[in-house]
Structures are given as structure tokens and as C-alpha cells.
Amino acid sequence: MVVGAFPMAKLLYLGIRQVSKPLANRIKEAARRSEFFKTYICLPPAQLYHWVEMRTKMRIMGFRGTVIKPLNEEAAAELGAELLGEATIFIVGGGCLVLEYWRHQAQQRHKEEEQRAAWDAMQDEVGRLSLALEALQAQVQAAPAHSALEELQAQMREVRAQLCARDPPATPQAASACKVPESAQA
């Protein structure tokens with residue numbers, strides 16, 4: 001998955017860079033044409049960048065306390081315009097990432113709200129079903145202990161027993177009729 005995501009990230013970065021390039025080029029052109037923009041917007045970051053870069057290089061090479069000469073105005077204006085162009089590209093890319101993050105968070109919140117609503121609906125349904133089950137259990141407990149069929153079978157057994165008790169059977173067939181079948185006893 002990481003292998004597939006990396007080319008997409010690279011492609012996204014290149015797309016953002018291509019979209020931001022015209023904006024960066026306009027900033028560079030404004031820096032070349034406008035004296036105010038060049039003097040107050042482009043030169044200070046360029047001189048600072050040059051100073052930090054040279055200071056770092058000198059320390060790496062072992063030179064301490066060396067005075068760093070500032071860039072000439074034309075080179076500083078060009079470097080400042082390049083820095084502003086790259087900063088613009090970076091800001092546009094960062095803005096795209098922030099917007100995508102916010103969009104993803106909104107989708108995540110929406111999905112969680114849907115899940116919460118579905119969960120609440122399920123809990124309501126379970127509560128409704130449990131109430132219905134309790135009502136059915138109460139009806140079952142309130143119902144008579146014997147069904148009508150069982151009562152009739154019991155009455156039939158009693159009648160047979162009374163008939164057999166009154167008249168002794170004269171023949172074996174009548175004796176078998178007085179016997180209560182096993183299925184009727186159960």
C-alpha cells in the first residue's frame with residue numbers, strides 16, 4: 001500500500017507545483033519591476049538566507065568569526081524572488097494538505113454521526129422488542145394452564161372411567177374399550 005501511495009504523493013506534489021508555478025513567476029516579475037517590492041519584500045529574506053547559508057558553510061569548514069559580506073542588490077533580488085516563489089509553492093501545497101485534512105476530518109465526523117445514529121436506532125429497536133417480549137411473556141403467563149384440547153381429553157378420561165366403573169365389562173371387547181389408551185393418558 002505504501003508503494004502505491006508514494007507515486008500518488010509525488011504526482012500530487014508535482015501537480016501542486018505546476019499549479020503554483022504561474023503564481024511564483026508573477027511574484028518574481030513583480031520583484032524585478034517594482035522597486036518597493038524588491039527593496040522591502042525580496043532583499044531582506046535573501047540577505048538573511050545568504051547570511052545563514054554562508055555562516056553554516058564557514059562553520060562546517062572550520063572558519064569561526066568570519067565576516068560575511070552581503071549579496072549585491074541584483075543577486076539578492078533574484079535570490080529573494082526565487083525564495084518567495086518557492087515559499088509560495090510551499091504555502092499552496094501546505095494549504096492543500098490542510099484543506100484535505102479538514103475535509104477528511106469532516107467526513108470522519110459525518111461517518112461517526114451516521115454510526116452513532118444507527119447505533120441509537122438499533123438500541124431503540126432492541127428496547128421496543130424487549131418491551132414486546134415482556135408483554136408476550138405476561139400474556140403467556142396469564143393464559144390458562146391447560147389448553148381447551150387438554151381439558152377435553154381430561155374430561156373424556158373421566159367419563160370413560162365413570163362408565164367403566166358402573167358397568168363391569170361382559171366381554172373382552174368391552175374390557176378393551178374401558179381401558180384408557182396410553183396416548184389419551186399423556
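**Group meeting: an all-helical predicted chain**

The protein chain exposes about 15200 Å², of which carbon and sulfur atoms supply 65%; accessible areas here come from the Shrake-Rupley method with a 1.4 Å probe, and for residues only the protein chains shown count as cover. The model is a predicted one, in which local features need pLDDT of at least 70 and side-chain atom pairs count only at pLDDT 80 or more, whereas totals for chains, interfaces and linings use all residues. Residues are numbered from 1 along each chain as its sequence is written, and side-chain values use heavy atoms, with hydrogens and water left out.

Let me begin with the overall architecture. The secondary structure comes to six helices and zero strands, and from the N terminus on the order is α-α-α-α-α-α. Helices (H or I, at least four residues) and strands (E, at least two) are DSSP runs, numbered from the N terminus. Of the 186 residues of the chain, 11% count as buried. Buried means under 20% relative accessible area, exposed means over 50%, and partly exposed lies in between, with a 1.4 Å probe and protein chains only.

What share of the contacts with a separation of 6 or more comes from residues 24 or more positions apart? In the protein chain, such residues account for 70% of those contacts, a contact being heavy atoms within 4.5 Å.

I turn now to helix α3, which covers residues 73-142. Helix α3 has 70 residues and reaches 101 Å from its first C-alpha to its last, close to the 104 Å expected at 1.5 Å a residue. That expected span is 1.5 Å times one less than the number of residues. Which residues of α3 are buried? They are A76, A77, G80, A81, G85, T88, I89 and G93.

L83 also belongs to α3, and is partly exposed because its relative accessible area is 26%. Leaving aside residues up to four places away in sequence, L83 touches P45, A46 and Y49. The C-alpha atoms of L83 and P45 are 7.7 Å apart in space, although the two residues are 38 residues apart in sequence.

A further long-range pair brings in helix α1 (residues 2-33), where L14 is placed. L14 is partly exposed, since its relative accessible area is 44%. Between the C-alpha atoms of L14 and G93 there are 9.9 Å, with their positions 79 residues apart along the chain. G93, as I said, is buried in α3.

Further along α3 there is a nonpolar surface feature. V98, L99, Y101 and W102 make a nonpolar surface patch of about 460 Å². Patches are made of residues with over 30% relative accessible area and no salt bridge; like charges are joined within 9 Å, and nonpolar side chains (Val, Leu, Ile, Met, Phe, Trp, Tyr) within 5 Å. One of the patch residues, L99, lies in helix α3 and counts as exposed because its relative accessibility is 54%.

Next, the charged pairs. Side chains of opposite charge can pair when their charged atoms come close. How many salt bridges does the structure hold? There are four, a salt bridge being a side-chain nitrogen of Lys or Arg within 4 Å of a carboxyl oxygen of Asp or Glu.

One of them joins K57 and E53 at 3.5 Å, N to O. Both residues lie in helix α2 (residues 35-61), four residues apart, about one turn of the helix. K57 is partly exposed at 41%, and E53 is partly exposed at 28%.

Another salt bridge is formed by R103 with E100, whose closest N and O atoms are 2.5 Å apart. Because R103 and E100 are three residues apart in helix α3, about one helical turn separates them. An α-helix has 3.6 residues a turn, so residues three or four places apart point the same way. R103 is partly exposed at 42% relative accessibility, as is E100 at 39%.

The side chains of E125 and R128 likewise meet in a salt bridge, at 2.5 Å from N to O. E125 and R128 are three residues apart in helix α3, so they are separated by about one helical turn. E125 is partly exposed at 34%, and R128 is partly exposed at 48%.

Finally, the cysteines. A search of the whole structure finds zero disulfides, where a disulfide is a pair of cysteine sulfur atoms within 2.5 Å. Is C42 buried or exposed? C42 is buried, because its relative accessible area is 0%, whereas C96 counts as partly exposed at 35% relative accessibility.
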